[in-house]
Amino acid sequence: MSQSVLPMTFRLPGPQWRQVDPASVGVQGAAFFAARSVPAGEYTPTISVSGGPRQDAAPLSVVADEALTLFRAQAEDVELVSRTDSGSEEVPGLTQLMGGEVTVDGRRYDLRQGQAMMRIADVEDPSAVVIVIYTLTSTYAQFESVVPEFQQFVASARIGEAGEQ
């Protein structure tokens, strides 16, 4: 997803978050990526925005399954903790929470990855659909404290408004 596909704006949830070039940290497919400041040696929570045009009529549950498959390729012992439909008939949504383990620099982390997904159809051409996926990744221990910040970030998003992020 890029601004040329779907312009959007949002606000970072506080000064502890900073925008990072996704490519500089090896992240592919993200239109936006932010990292939270943490003490040295702790896992760095991240927020990303990804997605793009979807040519098929697949429901969000299929998109969520694809995201789960991707997380399984990146982590071990992955489990789907929860999945809930949300949104409205006009803009369907889905939230899911996944858990898994990764090893970074010899240290093992118990991760949680929360996602909020939206299917947005063009008003003039309902067959033209864009999927937007907001993702929060943190450790299990950090998750409860960063979820409100993630919710604030998602709530600030405005689709169709170009501007500074």
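Here are some worked exercises on pockets, strands and salt bridges in this structure.

The model is predicted, so local features need pLDDT of at least 70 and side-chain atom pairs count only at pLDDT 80 or more, while totals for chains, interfaces and linings use all residues. Residues are numbered from 1 along each chain as its sequence is written, and side-chain values use heavy atoms, with hydrogens and water left out.

**Exercise 1. Work out how much space lies in the largest pocket and which residues and elements line it.**

Step 1. Get the terms straight. On a 1 Å grid over the protein atoms alone, a pocket is an open set of points where a 1.4 Å probe fits, with protein on both sides within 12 Å along at least five of seven lines; lining residues have an atom within 4 Å of a point. Points are joined across faces, edges and corners, and the volume is the space filled by probe spheres set on them.

Step 2. Read off the size: the largest pocket holds about 1100 Å³ of space. Its lining has 38 residues, and Val27, Phe33, Ser48, Gln74 and Gln113 are the closest to the centre.

Step 3. Assign the elements, which are DSSP runs numbered from the N terminus (helices are H or I with at least four residues, strands E with at least two). Two or more lining residues come from each of strand E3 (30-36), strand E4 (46-54), helix H1 (60-74), strand E6 (92-104), strand E7 (107-121) and strand E8 (129-139). E4 gives the largest share, eight residues.

Step 4. Sort the lining by class. Ala, Val, Leu, Ile, Met, Phe, Trp, Tyr, Cys and Pro go down as nonpolar, Asp, Glu, Lys and Arg as charged, and the others, Gly among them, as polar. You end up with 19 nonpolar, 14 polar and five charged residues.

**Exercise 2. Do the same job for the second largest pocket.**

Step 1. This one has about 210 Å³ of space. Of its 14 lining residues, Thr95, Gln96, Gly114, Gln115 and Phe150 sit closest to the centre.

Step 2. Strand E5 (76-87), E6, E7 and helix H2 (140-156) each chip in at least two residues. The largest share, five residues, is from H2.

Step 3. The class count is seven nonpolar, seven polar and no charged residues.

**Exercise 3. Find the strand partners of E4, then place Thr46 in that strand.**

Step 1. Start with pairing, which takes at least two DSSP bridges between two strands. E4 runs antiparallel to E3 over five bridges, and Phe33 stands opposite Ser48 of E4.

Step 2. Now look at E8: E4 pairs with E8 in the antiparallel sense too, over nine bridges. Ile47 has Leu136 of E8 as its bridge partner.

Step 3. Check burial (buried is under 20% relative accessible area, exposed over 50%, partly exposed in between, with a 1.4 Å probe and protein chains only). Seven of the nine residues in E4 are buried. Thr46 is at 13% relative accessibility, so Thr46 counts as buried.

Step 4. List the neighbours by contact, meaning heavy atoms within 4.5 Å. Skipping residues up to four places away in sequence, Thr46 touches Trp17, Phe33, Ala34, Ala35, Thr135, Leu136 and Thr137.

**Exercise 4. Decide whether Gly87 is buried or exposed, and find what Gly87 contacts.**

Step 1. Gly87 belongs to strand E5. Gly87 counts as exposed because its relative accessibility is 63%.

Step 2. Beyond neighbours within four places in sequence, Gly87 is in contact with Pro92 and Gly93.

Step 3. For a distance along the way, the C-alpha atoms of Gly87 and Ala116 are 9.9 Å apart, with the two positions 29 residues apart along the chain.

**Exercise 5. Trace the salt bridge between Glu76 and Arg108, then look at two other pairs.**

Step 1. Recall the rule: a side-chain nitrogen of Lys or Arg lies within 4 Å of a carboxyl oxygen of Asp or Glu. The whole structure has eight such salt bridges.

Step 2. In the Glu76 and Arg108 pair, the closest N and O atoms are 2.9 Å apart. Glu76 is in strand E5 and Arg108 in strand E7, so this pair ties together parts 32 residues apart in sequence. Glu76 is partly exposed at 46%, and so is Arg108 at 41%.

Step 3. Widen the view: Glu76, Asp77, Glu101 and Arg108 are linked in a salt-bridge network.

Step 4. Compare Asp56 and Arg54, whose side chains meet at 2.7 Å, N to O. Asp56 is partly exposed at 36%, whereas Arg54 is buried at 15%.

Step 5. Finish with Asp110 and Arg112, a salt bridge at 3.0 Å, N to O. Asp110 is partly exposed at 34%, while Arg112 is buried at 11%.
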